[in-house]
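I opened the notebook today with two topics in mind: pockets and nonpolar cores. Here is what I looked up, in order.

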Amino acid sequence: MTNSAIRTRFAPSPTGYMHIGNLRTALYAWLFARANDGTFILRIEDTDRNRYVADAVDFIRRTLDAAGIVPDEGPDGIGGDYGPYVQSERMDIYKKYAEQLVDSGHAYRCFCDHTEEAAQPDGEKSFGGYPRTCRDLSAEESAARMARGEAYVIRQKMPLAGETTFCDVLHGNVTIPNTELEDQVLLKRDGMPTYNFANVIDDHLMKVSHIIRGAEFITSTPKHVLLYEAFGWETPVFIHLAPVMGRDDETGRTSKLSKRHGATSFDDLVQMGYPAEAIVNYVALLGWSPKTTNQEIFSMDELIEAFSLEGLSKSPAVFDYDKLGWMSGEYFKAMTDEAFAAAARPFAGDLPAHLEMQWTALARLLRTRVARLGEVRPAIAFLIDAPPFDVSLYENKRNKVTPAAAQELLPALIGILEALTPAQWENDLLYAVLEECIEREGWRKGTVMWVLRIAAAGQAVTPGGATELLAILGREAGLARLHAALAHLSAAN
């Protein structure tokens, strides 16, 4: 491609949610354009009307916005010099170029009905089920059948011998024997173009310099190259990305990422509480690595600065939810307490009044302990409803705790804490009062804090220590938990 201007595109079909693989394609195309002062185009390829989903275009736009991928050209108010940017609005353009190929002898009108199209002569290659019946119709017969009103499609006239080669940035030279290429339909009976035709026309007219897409399109690319040659157009640079894989937890085997592996769309992951920035950061590293650093946490500006095609891998990448969770946790740790509290609050659900008042303090405990915001509600459920009593939680050899020892110690601890007023019921003062009593009575600190934490929480693992949890519960609820624990211990012993 001699044109020095870098122009990339993301051309989704509005047939459903945006898969992680689609998001990665858009991200790489956008990063490459930004890294080279180029232009990133959003084009909607809506020619498959049978699978069209009405709100999918809005969904795609919202996903790109949430991911920070901002098109320079595109539909619905984005604008640009090469529109329309929706294929269903470009029908006259495709008809013009399809007829041009017929006139030049690189395509032909096919009047076969579906029955004939599906026939497969014995001993002959079917070319996708079509035996090229109309390939050699004369111009006169073709015109006469058109005049009679016969419906037709326009098919590409593929070479019957030789091979077609193209160069891919990741895969090198790729060669396909022309005998494997069917005379593909370019324009359907209703005038709607096929994907393989429309995207070539649009990429050329929109001056796309680099086509970044999934490896599943490699086998279609020779058809595209032959169209470029038929028109006398220069081919763009092709980059076919290796697939994103998922791993089966039971077998350890990998296969193309799908819903059986878990959430597979950007929106699903956001709904689960992973920060959008963390998802984008992680997706960027699925098949790409920077050449000059081992850095893993990137801002979008840092991704732009580091991105290059040389960092792309031709090996499949495996989506690792644990790694995404680690990266998400790093983003939470970098947030302020206030920002995390605001982000996490919708995931906490309805809270009792005393917990609502302590939300900022509670969120502060959670900020470094969750991998996604969807874990917030389960992590605080024990504060909302006390778990069933479990006497075994009071067995702790390291802190020399037993149920009997806890039953003996709790009344004194309850008495100390009941002497505090509601105004004094806050973490630092609770800790100071207990520390003073521990020193005065000669108690083991680990024993006291373990007994209080288990009595207040009713579970082994908690996002905070004893005094932090009691402060969040508040004086009334906190003391009620301690009294209930003592009653259960008395009944159990």
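**Entry 1, the pocket.** I kept in mind that this is a predicted model. I started with the largest pocket, which holds about 900 Å³ of space. I then asked which residues lie nearest its centre. They are Pro12, Ser13, Asn22, Glu216 and Phe217, out of 34 lining residues.

**Entry 2, the lining.** Next I sorted the lining of the largest pocket by residue type and got 15 nonpolar, 10 polar and 9 charged. I also looked up the elements that supply at least two residues each, and found strand 1 (7–10), helix 1 (20–35) and strand 8 (210–214). Helix 1 gives the most to this lining, with 4 residues.

**Entry 3, the largest core.** I moved on to the nonpolar cores. The largest one has 55 residues, and those touching the most other members are Trp359, Ile380, Leu383, Leu417 and Leu482. Several helices give two or more residues to this core, among them helix 12 (337–348), helix 14 (359–366), helix 16 (403–418) and helix 19 (466–492). Which helix gives the largest share? My note says helix 19, with 11 residues.

**Entry 4, one residue up close.** I picked Leu417 and listed its contacts, leaving out residues up to four places away in sequence. Leu417 touches Trp425, Leu430, Leu434, Leu452, Leu470, Leu479 and Leu482.

**Entry 5, the other core.** Last, I noted a second core, separate from the largest one, with 51 residues. Leu27, Leu269, Tyr274 and Val280 are among them.

Definitions and conventions. Residues numbered from 1 in each chain as written. Predicted model: local features only at pLDDT ≥ 70, side-chain atom pairs only at ≥ 80, totals over all residues. Heavy atoms only, no water. Core = buried A, V, L, I, M, F, W, Y, C linked by side-chain atoms within 4.5 Å. Buried < 20%, exposed > 50% of the residue type's maximum accessible area, 1.4 Å probe, protein only. Contact = heavy atoms within 4.5 Å. 1 Å grid on protein atoms, 1.4 Å probe; cavity = no way out; pocket = protein on both sides within 12 Å on 5 of 7 lines; lining within 4 Å. Points joined across faces, edges and corners; volume = space filled by probe spheres on them. Nonpolar A, V, L, I, M, F, W, Y, C, P; charged D, E, K, R; others polar.
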